[in-house]
Amino acid sequence: MAFSPRVFSGIQPSGDLHLGNYLGAIRRFVPLQDTHETLYCVVDMHAITVWQEPNALRRATREVAAAFIAAGVDPKRSIVFNQSQVMQHAELAWVFNCVARIGWMNRMTQFKDKAGKNSENVSLGLLAYPSLMAADILLYKATAVPVGDDQKQHLELTRDIAAKFNNDYAASIAEQGLDPDFFPITEPLIAGPATRIMSLRDGTKKMSKSDPSDQSRISLLDDADAISKKIKKATTDPAELPLEVADLKERPEADNLVGIYAALSDKTKAEVLAEFGGHGWGKFKPALADLAVAQLAPMAGEMRRLIDDPTTIDGILRDGGERAAALAEKTMHDVRRIVGFIR
Ligand code: TYM
């Protein structure tokens, strides 16, 4: 059976959204609405794998939904919802906890990074995190998942879980008269010039909400002044911009800023260098600051307007939750039969 083209992606409501989340994921959600059925999810159940103050979680959930919409996700064309409204995510994640192996989870670099030396004392949810992520995607039989580079390993695990489920339950899937490829082997969509946006202070570190320096990232709620200042103060090497993309290789800060310019202007890095190669930072940084302000400041304004209107946001999430649940239940109905649960 051919799976119809369906996109799923999720963002955690666990703090400030930043330019990496926007360029690596949210901005790329918008054009996919023209070619795919699209589901965009605020993954609040993933967020609580580390402690979240409940009021902050509610605020952050609305903030992520506001960012989707301010960026151009249309809640009528796309299904926009928060994960915890659709209980089938938890239900399928449990089944996947029993399909996936502990060794697979222990190998996840994000788990190792987050757990650090403290791996006995982090939540069990943090270890099982990728299993819930696989459930998010496979509940909707999504064929493609747009994410940043840091999610690659989780998406490989999603493919492994789908394949192992299809294989372990092959006889039962056949007995129920269902397609042997019950779950699709999902394609990661990790492409473009901005799959890994780096810190503005240190080109070797990923831009991240956990970086203690506010100057290291552009928040999606930053105003024009803050955006411009952060770009102008961004760490760079002293050399002028190269003419060739290959010459960005040993220059992480330059590579990062050129990548940001390329993503914001829908160009390739080569096109950006055709314009700025051979010129110094005195020309490039103000141009990048103007571009970033022109794109991001209106979005921040729209986000703020939406955040101030929680009734509208909650209505959108509720409507999306109902539409998502209808799709999710179709899959779960089959999964329960396949596994042998009586209902
Ligand atoms: P999260 O919430 O950490 O990040 C959301 C999205 O932003 C991307 N991203 C970046 N892209 C480029 N440069 C960066 N510096 C950068 N930082 C973050 C992430 O790759 C991601 O696409 N596990 C996921 C959430 C999730 C999910 C899913 C994603 C849960 N279920 C199902 C896809 C499908 C996460 O923690 O993303």
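The legends below accompany close-up views of a predicted model.

**Figure 1. Strands β1, β2 and β3 pair side by side in the parallel sense.**
Strand β2, which spans residues 37-42, is joined to β3 by four bridges, and these two strands run parallel. Strand β1 pairs with β2 as well, again in the parallel sense, and here the pairing extends over six bridges. Two cross-strand positions can be picked out in this view: R6 stands opposite E37 in β2, and Y40 stands opposite V80 in β3.

**Figure 2. Strands β2 and β3 are viewed with attention to burial.**
Because five of the six residues of β2 are buried, this strand is largely enclosed by the rest of the structure. Strand β3, made up of residues 79-82, is covered on both faces. On one side of β3 lie I79 and F81, and on the other V80 and N82, and all of these residues are buried.

**Figure 3. I11 in strand β1 is shown together with H46.**
I11 belongs to strand β1 and counts as buried, with a relative accessibility of 7%. Although 35 residues separate I11 from H46 in the sequence, their C-alpha atoms are 9.0 Å apart in space.

**Figure 4. The largest pocket holds about 1000 Å³ of space.**
The lining of this pocket comprises 43 residues, and those closest to the pocket centre are Q12, Q110, D150, Q151 and K206. Several secondary-structure elements each supply at least two residues of the lining, namely the strands β1 (6-11) and β4 (144-146) and the helices α1 (19-32), α2 (44-47), α6 (109-115), α7 (124-139) and α8 (152-168). When the lining residues of the largest pocket are sorted by class, 20 are polar, 15 are nonpolar and eight are charged.

**Figure 5. The largest cavity, with a volume of about 70 Å³, is one of two cavities of 30 Å³ or more found in a search of the whole structure.**
Rolling a probe the size of a water molecule over the atoms shows where empty space is left. The largest cavity is lined by M108, Q110, F111, K114, L126, Y129, P130 and H154, and helices α6 and α7 each supply at least two residues of this lining. By class, five residues of the lining are nonpolar, two are polar and one is charged. Q110 takes part in this lining and is also among the residues closest to the centre of the largest pocket.

**Figure 6. The second largest cavity holds about 30 Å³ of space.**
The residues that line this cavity are S199, L200, A234, T235, E253, N256 and L257. Three residues of the lining of the second largest cavity are nonpolar, three are polar and one is charged.

**Figure 7. The largest nonpolar core contains 58 residues.**
Within this core, Y22, I26, F68 and F284 touch the most other members. Helix α13, which covers residues 281-307, provides the largest share of the core, with ten residues. Domain 1 (6-195 + 310-339) and domain 2 (214-305) both give residues to the core, so the core lies between the two domains. In soluble globular proteins, nonpolar side chains tend to be buried together.

**Figure 8. K141 and D266 have positive phi values although neither is a glycine.**
K141, with a phi of about 45°, is placed in the loop between α7 and β4. With a relative accessible area of 18%, K141 is buried, since residues under 20% are classed in this way. D266, whose phi is near 55°, lies in the loop between α11 (252-264) and α12 (269-276). In contrast to K141, which is buried, D266 is exposed, with a relative accessible area of 64%.

**Figure 9. K267, in the loop between α11 and α12, is shown together with P193.**
At 32% relative accessibility, K267 counts as partly exposed. K267 and P193 are 74 residues apart along the chain, and their C-alpha atoms are separated by 8.4 Å. The loop that holds K267 also contains D266, the residue shown with its positive phi in the preceding view.

Definitions and conventions: Residues numbered from 1 in each chain as written. Predicted model: local features only at pLDDT ≥ 70, side-chain atom pairs only at ≥ 80, totals over all residues. Heavy atoms only, no water. Buried < 20%, exposed > 50% of the residue type's maximum accessible area, 1.4 Å probe, protein only. Pairing = 2+ DSSP bridges. 1 Å grid on protein atoms, 1.4 Å probe; cavity = no way out; pocket = protein on both sides within 12 Å on 5 of 7 lines; lining within 4 Å. Points joined across faces, edges and corners; volume = space filled by probe spheres on them. Nonpolar A, V, L, I, M, F, W, Y, C, P; charged D, E, K, R; others polar. Core = buried A, V, L, I, M, F, W, Y, C linked by side-chain atoms within 4.5 Å. Domains from an automatic or database assignment.
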